Amino acid sequence: MKNLTALSLKTIQGELYVLDQTLLPQQQKWLPCQTVTDMVAMIKALQLRGAPAIGIGASLLLAYRASMGDSREQLLLDAEVLRAARPTAVNLMNNLDSMIAALQQADFKTAAIDCAGQLFAQDVQLCLNMAHHGAALVQDGEQLLTHCNTGGLATAGVGTALGVVNLAHQQGKNIRLWVDETRPLLQGGRLTAWECRQLGIPYQLICDNMAAMLMARGQVDCIFVGSDRIAANGDFANKVGTYSLAVLAHYHKVPFYVVAPHTTVDLACADGSAIPIEQRHADEVRGVSGAFGTAIWAPEDAAVFNPAFDVTPAALVTGWVLDTGVYSQADIAAGVLKQFA
Ligand code: MRU
């Protein structure tokens, strides 16, 4: 396997490493990932997270196992174990399907290594394409808002929604970014803020419940978010809290864009109600943890509802920024997503 480098994943001399995102921004610790058990645990714990990144990480792990001499039968079993690691991001399923197809070839070891490398390179290119299409929507002087983390940490490349913001910034547009902290796991406060700092993007961190006030004051010109799965009718799942933002944006007439590669489109889901939504551990809502330690502020047995994602109906979306272009409500209603069958 050749050396590959992303913000949260890298291969060095055939070995796979994952940047532990649960420790950011306080610590930057790269963990070796050698077994399917390692990879599943890292994905479940969100040490590796973000829809494209988990698909590519799982593929690289299979390629690594193939390079270690595991049998085709074992690798096919492992692919199914990896598939079950998280249910909502369809990129994981799509990438594993590509790996399974590669494993059918006579020289399955070489095919698996090549396939994982191609998925990595493809994601880098898809991110660049999305950034190009999305940045064209951003005007000089605008105040943008984003939710969760959709940057280099979540992909092999420059990211999805954050890639758009970053390119607009690189183009010299005088933009500012409101970063939702993104309760409960604070991907915005911990990860997007960290990436913005590294990229020099002017940003201000807000608690999720401050976005409404900013929109009412006219201080949000445009919203860009990512997605874990886009249904055939344009409804999409993304980090919980995205739907509230879309409702607020609709009320305040703020343009609201979803940015995702075409590999996030799932035509098997006719609409958003078919997208499986991951439920996570109650302690994530009872308190918070990270490199700074753990704090539980709720009663330790407090009953909790903790969906990791919510679904935003297509009716609330201004545009779908994919690697192939920007699509309007009319395009989506005309079935433009069917090209990704
Ligand atoms: O639970 P997470 O942190 O994996 O959720 C990530 C998101 O919701 C992102 O917006 C999505 O994966 C798209 S990122 C390119």
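This tour passes through the strands at the N terminus, two nonpolar cores, the ligand site, a covered helix and an open sheet.

The model is predicted, so local features need pLDDT of at least 70 and side-chain atom pairs count only at pLDDT 80 or more, while totals for chains, interfaces and linings use all residues. Residues are numbered from 1 along each chain as its sequence is written, and side-chain values use heavy atoms, with hydrogens and water left out.

**The N-terminal strands**

Select residues 4-5 and 9-12, which are strand 1 and strand 2. Helices (H or I, at least four residues) and strands (E, at least two) are DSSP runs numbered from the N terminus. Strands 1 and 2 pair in the antiparallel sense over 2 bridges; pairing requires that DSSP finds at least two bridges between two strands. The two form a hairpin with 3 residues between them, and T5 stands opposite K10. In strand 2, L9 and T11 make up the covered face, whereas K10 and I12 make up the uncovered one. In a regular strand, side chains alternate between the two faces of the sheet.

Extend the selection to strand 3 (15-19). Strand 2 joins strand 3 through 4 antiparallel bridges, with L9 partnered by V18. In this second hairpin, 2 residues lie between the strands, and Q13 takes a positive phi near 45 degrees.

**The nonpolar cores**

Next select L9, M39, L48, L60, L61, L82 and M99, the residues with the most contacts inside the largest nonpolar core, which has 46 residues. Such a core is a set of buried Ala, Val, Leu, Ile, Met, Phe, Trp, Tyr and Cys residues joined through side-chain atoms within 4.5 Å; buried means under 20% relative accessible area, exposed over 50%, and partly exposed in between (1.4 Å probe, protein chains only). Helix 2 gives the most to this core, with 11 residues.

Centre the view on M39. Beyond its neighbours within four places in sequence, M39 is in contact (heavy atoms within 4.5 Å) with L16, V18, C33, L48, G57, A58, L61 and L82. Another core, of 28 residues, lies apart and includes I206, I223, A246 and V254.

**The ligand site**

Select the ligand and the 17 residues that surround it, of which R49, A51, R86, N238 and K239 are the closest. A residue is near the ligand if one of its heavy atoms lies within 4 Å. A polar side-chain atom of R49 is 2.4 Å from a ligand oxygen atom, and an N or O atom in the side chain of K239 is 2.7 Å from a ligand oxygen atom. From G50, a polar backbone atom lies 3.0 Å from an oxygen atom of the ligand. Taken alone, the ligand exposes 410 Å², and the protein buries 100% of that (Shrake-Rupley method, 1.4 Å probe).

**Helix 6**

Move to residues 161-170. Of the 10 residues in helix 6, 7 are buried: A161, L162, G163, V164, V165, N166 and A168. Their cover includes helix 5, strand 5 (143-146) and helix 7 (187-199). After the helix comes G172, with a positive phi near 90 degrees.

**The open sheet**

Finally, display strands 12, 9, 10 and 15, which form an open sheet in that order with mixed pairing. Strand 12 and strand 15 (309-312) are the edges, each pairing on one side only. Strand 10 (236-239) runs antiparallel to strand 15, joined by 4 bridges, and A237 has V311 as its bridge partner.

The last stop is A268, in the loop between strand 12 (265-266) and helix 10 (283-286). A268 counts as exposed because its relative accessibility is 71%. Its C-alpha atom is 7.4 Å from that of A232, 36 residues apart along the chain.

Technical notes. Polar contact = N/O pair within 3.5 Å; in protein donor to acceptor, adjacent residues only side chain to side chain.
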